[in-house]
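Here's a quick briefing on a ligand site and some ring contacts. Have a look at the model, then read on.

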Amino acid sequence: MEKIAVFPGSFDPITLGHFDIIERAQPLFDKIIVAIGNNANKQYMFPLEKRVEWLKKAVKKFPNVEVNYFDGLTVDYCKKVGANFLLRGLRNPADFEFEKAIAHTNRALSHKTLETVFLLTSSGKSFISSSIVRDIIRNKGDYSMLVPNSVMV
Ligand code: ADP
């Protein structure tokens with residue numbers, strides 16, 4: 001069976017923390033789909049097209065990594081693309097508590113067919129978050145050490 005993982009997130013914008021997870025997960029799966037979940041109730045700083053563009057540029061050197069987006073439940077998207085794994089990153093205990101509930105829910109919703117695989121953030125990347133990057137951008141600071149080169153606002 002092909003091992004296909006979906007890495008879902010907002011990627012508003014992609015950071016070096018996300019990139020670290022993608023780079024390290026890439027040898028573990030036959031295919032990874034980095035998928036932007038489009039939540040109609042959520043306010044994003046950057047439009048979907050821009051977030052897709054930055055992600056595509058960042059992962060273009062990985063032949064088994066694709067970028068896409070979806071509406072609705074993550075489990076439904078996984079079923080549609082034939083993915084049997086979800087990929088998520090863990091930075092700290094707060095991430096763990098939050099992710100634990102989501103992982104159990106997704107497993108139950110998928111009738112136990114979807115396993116979530118967690119990678120711990122590399123040391124030195126665990127402080128990075130899209131919200132910190134957005135704050136720096138809003139205040140016209142230098143965020144270049146926190147994002148892949150593809151992100152140019
Ligand atoms: P969401 O809105 O689903 O939290 P994000 O784009 O913020 O979307 O995050 C997507 C995934 O990337 C989550 O699993 C999150 O824990 C992980 N992630 C975010 N920042 C980092 C980081 N610095 N290191 C490792 N994983 C991270």
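The ligand takes up the space of the largest pocket. On a 1 Å grid over the protein atoms alone, a pocket is an open set of points with protein on both sides within 12 Å along at least five of seven lines, and a molecule sits in one if more than half of its atoms lie within 2 Å of its grid points. Keep in mind that this is a predicted model: local features need pLDDT of at least 70, side-chain atom pairs count only at pLDDT 80 or more, and totals for chains, interfaces and linings use all residues. Residues are numbered from 1 along each chain as its sequence is written, and side-chain values use heavy atoms, with hydrogens and water left out.

**Around the ligand**
- The ligand has 17 residues around it (a heavy atom within 4 Å), and the closest are S10, G89, T121, K125 and I128.
- Polar contacts (N or O pairs within 3.5 Å) link ligand oxygen atoms to the side chains of S10 at 2.7 Å, H18 at 3.1 Å and K42 at 3.2 Å.
- On its own the ligand has 550 Å² of accessible area (Shrake-Rupley, 1.4 Å probe), and the protein covers 87% of that.

**Rings**
- There are five aromatic pairs in the structure (Phe, Tyr or six-membered Trp ring centres within 6.5 Å).
- One of them joins F46 and W54, edge-to-face (planes over 60 degrees apart), with 4.9 Å centre to centre and 75 degrees between the planes.
- Both F46 and W54 are buried (under 20% relative accessible area, 1.4 Å probe, protein chains only).
- R51 puts its charged end over the ring of Y44, 4.0 Å from the centre; the cut-offs for Arg are CZ within 6 Å of the ring centre and within 35 degrees of the ring normal.

Methods:
Rings of Phe, Tyr and Trp (its six-membered ring) pair if their centres lie within 6.5 Å; planes under 30 degrees apart count as stacked, over 60 as edge-to-face and the rest as tilted. Buried means under 20% relative accessible area, exposed over 50%, partly exposed in between (1.4 Å probe, protein chains only). A polar contact is a pair of N or O atoms within 3.5 Å; within protein, one must be able to donate a hydrogen and the other to accept it, and residues adjacent in sequence count only if both atoms are side-chain atoms. On a 1 Å grid over the protein atoms alone, a cavity is a set of points where a 1.4 Å probe fits but cannot get out, and a pocket is an open set with protein on both sides within 12 Å along at least five of seven lines; lining residues have an atom within 4 Å of a point.
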